[in-house]
Amino acid sequence: MAAPPFQPPSQQRRTEAATARPDGAAAGAVRCGVCGTESRQPPFRPPPPEQAPDLDLRPGEPVRGTMALWLQQCPHCGYAAPDIGRAHPGAAAAVSAAPFRALLAETSYPLLARRFLAWAHVLEETGALHAAAEATLQAAWVADDLNRPDLARAWRREAVALWRAGPPLDPEQTVRVVDALRRAQAWDDALATAEALARSRPPEPVAQVIGLERRLVEARDSGRHTLASALPPPARRPHVSHQRPPALGSSAGLGFGGLFERLRRFLRRGG
């Protein structure tokens, strides 16, 4: 049997609240779509974020602290997905291959990060490269939370490679590439990508965010910053992104079209 899902102590109360049911019953059993093993998996319905998302669109709290619930994982074959009851096309072949088994056995990686990397591996092997990039970036978020900057940098670079290997990126997705490169301290690549995007005359909200990214790169700042830093609210309370965590099963991730513009309109309403 695989070890139980990783759950930092700071998340235990949030997890208990997210999984509790009024009748006190346990979470329902799910049959793995790859191997057929039945296991109990906690249900997850993301609450609306109450804080601004990061520049890479990691949701604000309280969604931010629920990563241990974003994916299910089969305790027998290790298949990980938002819903393991529905096998992704080609998942069985990917899960049975040696690279996937080696990934699950890589104890130098945090357990929760391995779950996201396992999902990323299946997506990459089946050609969903942008979704694989999202899942790899989420592994980097786990590394951030566990103070593993070495792994966070490496997985951000892997996410960028996957994004670039997939279909052409729109301006909002390119901002996230710049942010991943900056957080990974790939300064020259981050600045060149940011400058190329700025020359393309992107929509105003994107231009505001990329302007901040350029200043951060020039200052060699690899830290976390939120969208509120680039799109400051005129109101008293923080703005809200009513988006699910990216790439919880969709190859399109958040569905970025106009996200920055929607955030700006929200701020102008008094946010």
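Here is a walk through the aromatic pairs and salt bridges of this structure, which is a predicted model.

Let's begin with the rings. The model holds 3 aromatic pairs. In one of them, the ring centres of Trp70 and Trp141 are 6.2 Å apart and the planes stand at 85 degrees, so this pair is edge-to-face. To find the two residues, look for Trp70 in the loop between strand S2 (38–40) and strand S3 (72–73), and for Trp141 in helix H5 (residues 129–145); the pair therefore ties together parts of the chain that lie 71 residues apart in sequence. Both Trp70 and Trp141 are buried. Phe116 joins them as well, since ring pairs link Trp70, Phe116 and Trp141 into a cluster.

Now turn to Tyr109 and Trp155. Their ring centres are 5.1 Å apart with the planes at 85 degrees, so this pair is edge-to-face. Here too, distant parts of the chain are linked: Tyr109 sits in the loop between helix H3 (98–104) and helix H4 (111–125), while Trp155 belongs to helix H6 (residues 149–165), 46 residues apart. What about their exposure? Tyr109 has a relative accessibility of 24%, so it counts as partly exposed. Trp155, at 2%, falls under the 20% limit and therefore counts as buried.

Next come the charged side chains, where the count is 13 salt bridges. A good one to pick out is Glu134 with Arg176, whose closest N and O atoms are 2.6 Å apart. Glu134 lies in helix H5 and Arg176 in helix H7 (residues 171–183), so this salt bridge ties together parts that are 42 residues apart in sequence. Glu134 and Arg176 are both buried.

Helix H7 also carries Arg182, which meets Glu213 of helix H9 (residues 204–218), a partner 31 residues away in the sequence. The side chains of Arg182 and Glu213 form a salt bridge at 2.8 Å, N to O. Are these two buried or exposed? Arg182 has a relative accessibility of 0% and so counts as buried, and Glu213, at 0%, counts as buried too.

For a salt bridge in another setting, look at Asp150 and Arg148, whose side chains meet at 3.3 Å, N to O. Asp150 is partly exposed, with a relative accessible area of 38%, and Arg148 is partly exposed at 28%.

Finally, some charged residues come together as a group: Asp56, Asp144, Arg156 and Arg183 are linked in a network of salt bridges.

Methods
Residues are numbered from 1 along each chain as its sequence is written. This is a predicted model: local features need pLDDT of at least 70, side-chain atom pairs count only at pLDDT 80 or more; totals for chains, interfaces and linings use all residues. Side-chain values use heavy atoms; hydrogens and water are left out. Rings of Phe, Tyr and Trp (its six-membered ring) pair if their centres lie within 6.5 Å; planes under 30 degrees apart count as stacked, over 60 as edge-to-face and the rest as tilted. Helices (H or I, at least four residues) and strands (E, at least two) are DSSP runs, numbered from the N terminus. Buried means under 20% relative accessible area, exposed over 50%, partly exposed in between (1.4 Å probe, protein chains only). A salt bridge is a side-chain nitrogen of Lys or Arg within 4 Å of a carboxyl oxygen of Asp or Glu.
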